[in-house]
Amino acid sequence: MEKKMKSNFLLKLSLLTLIVATSCIQPNEQSTKPSQTSGFDTSIVAVIQFDKSEYGPFPKEYEPTNLTTDEIMQLDNIIKEQANTYNQSLKEHLKEAYSVYFTNHKYKRQYIPVINTKGEKEVWANFFCNSWSDDWKTEVVFVKDGGNCYFNIKVNLSTKKTYELNVNGYAWESGAPNSALPQAGLNSISRSAVF
């Protein structure tokens, strides 16, 4: 009987030790699940799914896709480089109102990624200074004026080329003459540049 009690005691002690040991080990969730937000600031960046049923920046034949953290970093670099080229093309008297300066504005960014009909990844990038609610994380922000606080551009990540850079104008300038704008393909209504 004493031998049986010792055996039960040792069994219970072993079981208790095993329970205590395993309860102290916490799984490292970061090593098993990749973070959706690591590598970029979600307080200023939102990736929005392309919706074919709504009016959007791409043809309905394009397919929605996702972006990796590396691709978002590539986008930022490509867009900043293109913004520098665009800024240099502006005539001096237009620089203050229409230059895209990342140091002057903390732009919020919306990225809509797609796969085009050639199988290339393209992104419509929308930049703006102000948002009035958190809806900007799921709904595209469209503003008709506001100057360089609002701009958008398309980037082909596969070819690293940009096109359709649009910097907003000001409501009071709708009749500005074309001669006042850079020769980089800009027009007085949309301030579009194709590079």
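The exercises below treat the fold, the disulfide and the charged side chains of a predicted model.

Residues are numbered from 1 along each chain as its sequence is written. Local features need pLDDT of at least 70 and side-chain atom pairs pLDDT 80 or more, while totals for chains, interfaces and linings use all residues; side-chain values use heavy atoms, with hydrogens and water left out.

**Exercise 1. State how many helices and strands the protein chain has, and their order.**

Solution.
- Step 1: assign elements as DSSP runs, numbered from the N terminus, with helices as H or I of at least four residues and strands as E of at least two.
- Step 2: count them, which gives 4 helices and 7 strands.
- Step 3: read from the N terminus, where the order is α-α-β-β-α-α-β-β-β-β-β.

**Exercise 2. Find the disulfide and describe where its cysteines lie.**

Solution.
- Step 1: search the whole structure for pairs of cysteine sulfur atoms within 2.5 Å. The search returns 1 disulfide.
- Step 2: identify the pair as C129 and C149, with an S to S distance of 2.1 Å.
- Step 3: place the two cysteines. Both C129 and C149 sit in the loop between β4 (121-128) and β5 (150-156), 20 residues apart.
- Step 4: check accessibility (buried is under 20% relative accessible area, exposed over 50%, partly exposed in between; 1.4 Å probe, protein chains only). Both C129 and C149 are buried.

**Exercise 3. Which partners do E63 and E71 have in salt bridges, and are these glutamates buried or partly exposed?**

Solution.
- Step 1: apply the criterion, a side-chain nitrogen of Lys or Arg within 4 Å of a carboxyl oxygen of Asp or Glu. The whole structure holds 5 salt bridges.
- Step 2: take E63, which pairs with K52 at 2.6 Å between the closest N and O atoms. E63 belongs to strand β2 (residues 63-64) and K52 to the loop between β1 (45-47) and β2, 11 residues apart.
- Step 3: compute relative accessible areas. E63 is partly exposed at 40%, and K52 is partly exposed at 30%.
- Step 4: take E71, whose side chain meets that of K121 at 3.0 Å, N to O. Because E71 lies in helix α3 (residues 69-89) and K121 in strand β4, the pair ties together parts 50 residues apart in sequence.
- Step 5: E71 is buried at 16%, and K121 is buried at 15%.

**Exercise 4. Classify the accessibility of both residues in the salt bridge between E92 and K95.**

Solution.
- Step 1: the closest N and O atoms of E92 and K95 are 4.0 Å apart.
- Step 2: E92 counts as exposed at 64%, whereas K95 counts as partly exposed at 21%.
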